[in-house]
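Q: I have a protein model open and no idea how to read it. Could you walk me through some features, step by step?

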Amino acid sequence: MNQLDKKEPVQAILIADSFNDCFVPFSDRKPLSLLPLVNVPLVDYALESLNRSGVEEVIVFCSAHVDQVRGYIRSQQQNPSCSWNVGMTVSIVSSEGCRCMGDALRDLDAKGLVRGNFILTGVDTLTNANLAAILDEHKRIAKTDKGAAMTVVYKEGVPDQRTGNEVMIAMEKNTRRLLFHQRLNPKHKERKFTFPMEIILENKEVTMWHGLIDPQIAICSNTALPLFSDNFDFLTRDDFVRGLLINEEILASTIYVAPLPAEEYALRVNNWHNYQIASRDVTNRFVYPLVPDMGICGSEQLYSFSRNNIYRHRNIRLARRATLESDVVIGEKCEIDEDTVVAHSVLGKGCKIGKNCQLRNCFLLDGVQVEDNCVLNHCIIAENVILGPGCNLTEGCVLGPEVVLPKGMTLAKMTLQSTKPDDDWSDAKPIAEHAFTVPDETEGDADEEPDSDAEDIQDVATGYPMRLGELPRTSPESIYSMSSEEDESRAASPIQDDANIFLSEVLESLKRGFSEKSNPEYLILEINSSRYAYNMALSEVNFFVVKAILQLTLAQEGAATALVSTLAKLLGYFGPVFKNYIRGQPAMLDCLKALEEVAGEEPATVGAKIAAVVHFLYEKDYVAEEAILEWHGGIEEEDIRKALAKLVEWLNQSSEEEEESDDE
């Protein structure tokens, strides 16, 4: 049996279609596989993840725009810098008659291409999870339970944020066998659940999880495809799960659960809202190593990475007075003119942005032209769109390829395409020569609250239309967020026990990383994992990371007499970690407040040399002059204020001299 296991290739089925209209009008002309996410097609993320999980053979199944998918994958296979092509074969299977995942799997079963256990996922699944470990666990379960048909992968969700892919499950505590599965309302208003009492009565220990994200990843046994073939009412994976749970005794098949650990990422990009979340997470490096500057599916590093999550291609033209605030990716050959501000946005190849424009939470694909004085907020702009001067687009507008808007156009919550639909019965209305509205038949349903008891809640598995919009906070207010009364006294709220535990975990991670000289990027992953485990705000993370580095500095030999040089030595290694969190003036203030607290705890060492430490951080560009001056103005401890007085006076004089030289 062991010899047979060794010969069994690691296979994966990658479904290349969404079988919904959530990405209209983009999906009318191009396949979902080629939708760029942070300037990289979704199919590349999927294949890169499978390759990193040790998959040897991938079967890409597609039924729409087959020629485009086949042409792109073949071009990537001939590209010597394509990393997923190393050690992994990719074949394409197409069938234009398929209308759902069930049809696709029945077609693959008829072709007999799968020979054993396999990974089942889609091109719209973004993950950095180690699927090889889950596959090994599924094989172990299958040896003891011959009826194990599938292991479904879930990820713990973010509080107060819905993606349309949340589920509630119940499972046996020890074996993790799935007992109950219900998809949640995409709009967050469940009032009740119907839960079978037999599950409690028939099982000793039952674990219930609410709000898990279903990224549509599963490990399947060789019995899964025949089950789809024998049951034509299995249209989606939800149908498969529900059918096996209801008819478990008849079908003699079971399903198991594999929860992802906190440090691993998984999200299904099946609507524009999730597209926005995934773009934010990629630029914030939560999907490491699938980040822009790592050269996804290419060995060459095309982007430079700087503070505030700014990624700039080497070949761009950025005007001197243009501003890139934070979470920005600028693609090749982009041009951004004077007095334009870009924040939380991604620009594709060859985009041209005029003067005095505002782009926030926008995603521009290749070749977009934005004329002067335009304001764009929460928009998707497809290839080769032209926006005339003074256009104002907000509230989740989606513009299809080659749309042209005239001067001064104001739009909100609209989807446009460049040509009139062929359907004579369509309600499309022209708003310009090359801009027609796209009626969304599901828009009304998207705005209304589906009944959580209704059967159609299960249909959300195929895709729920959601526009771009303000993303809810993923963490509570910082311990430094003060009310008006607190602001007067500058008193921070007390640190909670979780914060102390978080600080100790960060300190342990830094100690271990420094002693083993491991990759600093791994430390960032560990810290982020602890952050979500203890629900820390970002400013709290900034504060405690700096405090941990200072505490580790004090623990080094000779720190009492050579504090600055010891800190410089540690930052030679921890520099990437420090810069990852301390970017922007608010984060610099968090850094200086951490230094202030340690100075109060260690007056003989840090307190006595706080001016030298701050000067060192300033000289190395870790903190800016404005942050130092603002922080100094709020310090209550008189000894620390006096110790910094000469440094602050020097900074003020330098500023005055620079202003005088500028005037001259």
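**Reading the chain piece by piece**

A: Let's start with a small spot: E395 sits in the loop between β28 (392-394) and β29 (397-399). Keep in mind that this is a predicted model.

Q: What is the phi of E395?

A: Its phi is positive, about 55°, even though E395 is not a glycine. As for its surroundings, E395 is partly exposed, with a relative accessible area of 45%.

Q: Which other residue that is not glycine has a positive phi, near 70°?

A: That one is R285. You'll find R285 in the loop between α11 and β15.

Q: Is R285 buried or exposed?

A: R285 is buried, because its relative accessible area is 2% and the cut-off for buried is under 20%.

Q: Now zoom out for me. How many helices and strands are there in the chain?

A: The chain has 22 helices and 34 strands. Of its 664 residues, 54% count as buried. If you take contacts between residues at least 6 apart in sequence, 58% of them join residues at least 24 apart.

Q: Where can I find a cis peptide bond?

A: Try the bond between V24 and P25, which is cis with omega about 5°. P25 is in the loop between β1 and α2, and V24 is in the loop between β1 (11-15) and α2 (26-29). There's also a cis peptide bond joining Y288 and P289, with omega about 10°. P289 belongs to the loop between α11 and β15 (303-306).

Q: What does V24 touch, leaving out residues up to four places away in sequence?

A: V24 touches W272, V398, T415 and V438. Look at G400 too: V24 and G400 are 376 residues apart along the chain, yet their C-alpha atoms are separated by 7.9 Å. V24 itself is buried, with a relative accessible area of 17%.

Q: How do I describe a pair of aromatic rings?

A: You give the distance of the centres and the angle of the planes. In this model the count comes to 15 aromatic pairs. One of them is F228 with F234, which is edge-to-face at 6.0 Å centre to centre, with 80° between the planes. Both F228 and F234 are buried.

Q: Why is the pair of Y275 and F363 edge-to-face?

A: Look at the planes: they are at 85°, with the ring centres 5.5 Å apart, so the pair is edge-to-face. Planes over 60 degrees apart get that label.

Q: Which parts does the pair of Y275 and F363 tie together?

A: Y275 is in helix α11 (residues 272-283) and F363 is in strand β24 (residues 358-364), so the pair ties together parts that are 88 residues apart in sequence. Y275 is buried at 3% relative accessible area, and F363 counts as buried at 5%.

Q: Which residues form one aromatic cluster with Y275 and F363?

A: F23 and W272 join them, so to speak: F23, W272, Y275 and F363 form one aromatic cluster. You've met W272 already, as one of the residues that V24 touches.

Q: Where does the charged end of K517 sit?

A: It sits over the ring of F514, 3.9 Å from the ring's centre. K517 also lies over the face of Y573, at 5.8 Å from the ring centre.

Q: How are two packed helices described?

A: You use the angle between their axes and the distance between the axes. Take helix α17 (residues 563-581) and helix α20 (residues 610-619): their axes come within 11 Å and cross at roughly 40°. The two are therefore oblique to each other, and α17 passes α20 in a right-handed crossing. On the α17 side, L563, V564, L567, A568, L571 and F578 meet A612, V613, F616 and L617 in α20.

Q: At what angle do α18 and α20 cross?

A: Helix α18 (residues 585-601) and α20 have axes that come within 11 Å and cross at roughly 160°. That makes α18 roughly antiparallel to α20. The crossing of α18 and α20 is right-handed. C591, L592, L595 and A599 of α18 make the contact with I610, V613, V614 and L617 of α20.

Conventions
Residues numbered from 1 in each chain as written. Predicted model: local features only at pLDDT ≥ 70, side-chain atom pairs only at ≥ 80, totals over all residues. Heavy atoms only, no water. Phe/Tyr/Trp six-rings, centres within 6.5 Å; stacked < 30°, edge-to-face > 60°. Buried < 20%, exposed > 50% of the residue type's maximum accessible area, 1.4 Å probe, protein only. Helix = DSSP H or I, 4+ residues; strand = E, 2+ residues; numbered from the N terminus. Lys NZ or Arg CZ within 6 Å of the ring centre and 35° of its normal. Axes fitted to C-alpha atoms, helices over the stretch in contact; angles between N-to-C directions. Parallel < 35°, antiparallel > 145°, perpendicular 65-115°, else oblique. Left-handed = near helix turned anticlockwise from the far one by under 90°. Contact = heavy atoms within 4.5 Å.
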